[in-house]
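Dear colleague,

Please find below the structure that I am handing over to you. My findings follow directly after it, grouped by region.

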Amino acid sequence: MKNKIRIERAILDITQEELAQRTGVSRQTIHAIENNKYIPSAVLALKIAKVFGKSMEEIFELDADD
């Protein structure tokens, strides 16, 4: 699953740590999601999208492999 978390964080000028705190996960989890090493749960994906004021579909995109 592709995502635009890094881009959206840059727009809001927030760190991985800040996003982690806002969503209730560790910085390592955010890092893993950004690098496509971990697929978030639907709940976490919704929390992340809410931080950015966007829909889940605007932040996450399915790969052909998904």
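**Contacts of Ile48 and the nonpolar core**

Apart from neighbours within four places in sequence, Ile48 is in contact with Ile5, Thr23, Ile30, Ile33, Ile59 and Phe60. Please note that this is a predicted model.

Ile48 also belongs to the largest nonpolar core, which has 14 residues. Those with the most contacts inside this core are Ile5, Leu19, Ile33, Ile48, Phe52, Ile59 and Phe60. Two or more residues of the core come from each of the elements α2, α3 and α4. With six residues, α4 gives the most to this core.

**Helix α3 and its surroundings**

Helix α3 spans residues 27-34, and the loop that follows leads to α4, residues 42-52. The buried residues of α3 are Ile30, Ala32, Ile33 and Glu34. These buried residues pack against the strands β1 (2-3) and β2 (60-61), and also against α1, α2 and α4. Two of them, Ile30 and Ile33, are among the contacts of Ile48 listed above.

The packing of α2 with α3 can be described in more detail. Their axes lie 8 Å apart, at an angle of about 110°. Since this angle falls within 65 to 115 degrees, α2 is roughly perpendicular to α3. On the α2 side the contact is made by Gln16, Glu17, Leu19, Ala20 and Thr23, and on the α3 side by Arg27, Ile30, His31 and Glu34. By character, the residues of this contact divide into three nonpolar, three polar and three charged.

**Two loop residues with positive phi**

Where does Asn36 lie? Asn36 is placed in the loop between α3 and α4, and just after α3 it takes a positive phi of about 60°. Asn36 is a residue other than glycine. Asn36 is partly exposed, with a relative accessible area of 48%; that value lies under the 50% above which a residue would count as exposed.

Asp13 also has a positive phi, near 55°, in a residue other than glycine. Its place is in the loop between α1 (5-12) and α2 (16-23). Asp13 is exposed, because its relative accessible area of 67% is over the 50% cut-off.

**A buried charged residue in α1**

Is Glu8, in helix α1, buried or exposed? Glu8 is buried, because its relative accessible area is 7%, under the 20% cut-off. The side chains of Glu8 and Lys54 are joined by a polar contact of 3.3 Å. Leaving aside its neighbours within four places in sequence, Glu8 is in contact with Phe52, Lys54 and Ile59. Of these, Phe52 and Ile59 are among the residues with the most contacts inside the largest nonpolar core.

**An exposed residue of α4**

Lys50 is placed in helix α4, the element that gives the most residues to the core. Lys50 itself is exposed, because its relative accessible area of 71% is over 50%. Lys50 and Val25 are 25 residues apart along the chain, and their C-alpha atoms are separated by 15 Å.

Yours sincerely

How values were computed:
Residues are numbered from 1 along each chain as its sequence is written. This is a predicted model: local features need pLDDT of at least 70, side-chain atom pairs count only at pLDDT 80 or more; totals for chains, interfaces and linings use all residues. Side-chain values use heavy atoms; hydrogens and water are left out. Helices (H or I, at least four residues) and strands (E, at least two) are DSSP runs, numbered from the N terminus. Buried means under 20% relative accessible area, exposed over 50%, partly exposed in between (1.4 Å probe, protein chains only). Contact means heavy atoms within 4.5 Å. A nonpolar core is a set of buried Ala, Val, Leu, Ile, Met, Phe, Trp, Tyr and Cys residues joined through side-chain atoms within 4.5 Å. A polar contact is a pair of N or O atoms within 3.5 Å; within protein, one must be able to donate a hydrogen and the other to accept it, and residues adjacent in sequence count only if both atoms are side-chain atoms. Axes are lines fitted to C-alpha atoms, for helices over the stretch in contact, and angles run from 0 to 180 degrees between N-to-C directions. Angles under 35 degrees count as roughly parallel, over 145 as roughly antiparallel, 65 to 115 as roughly perpendicular and the rest as oblique. Ala, Val, Leu, Ile, Met, Phe, Trp, Tyr, Cys and Pro count as nonpolar, Asp, Glu, Lys and Arg as charged, and the others, Gly among them, as polar.
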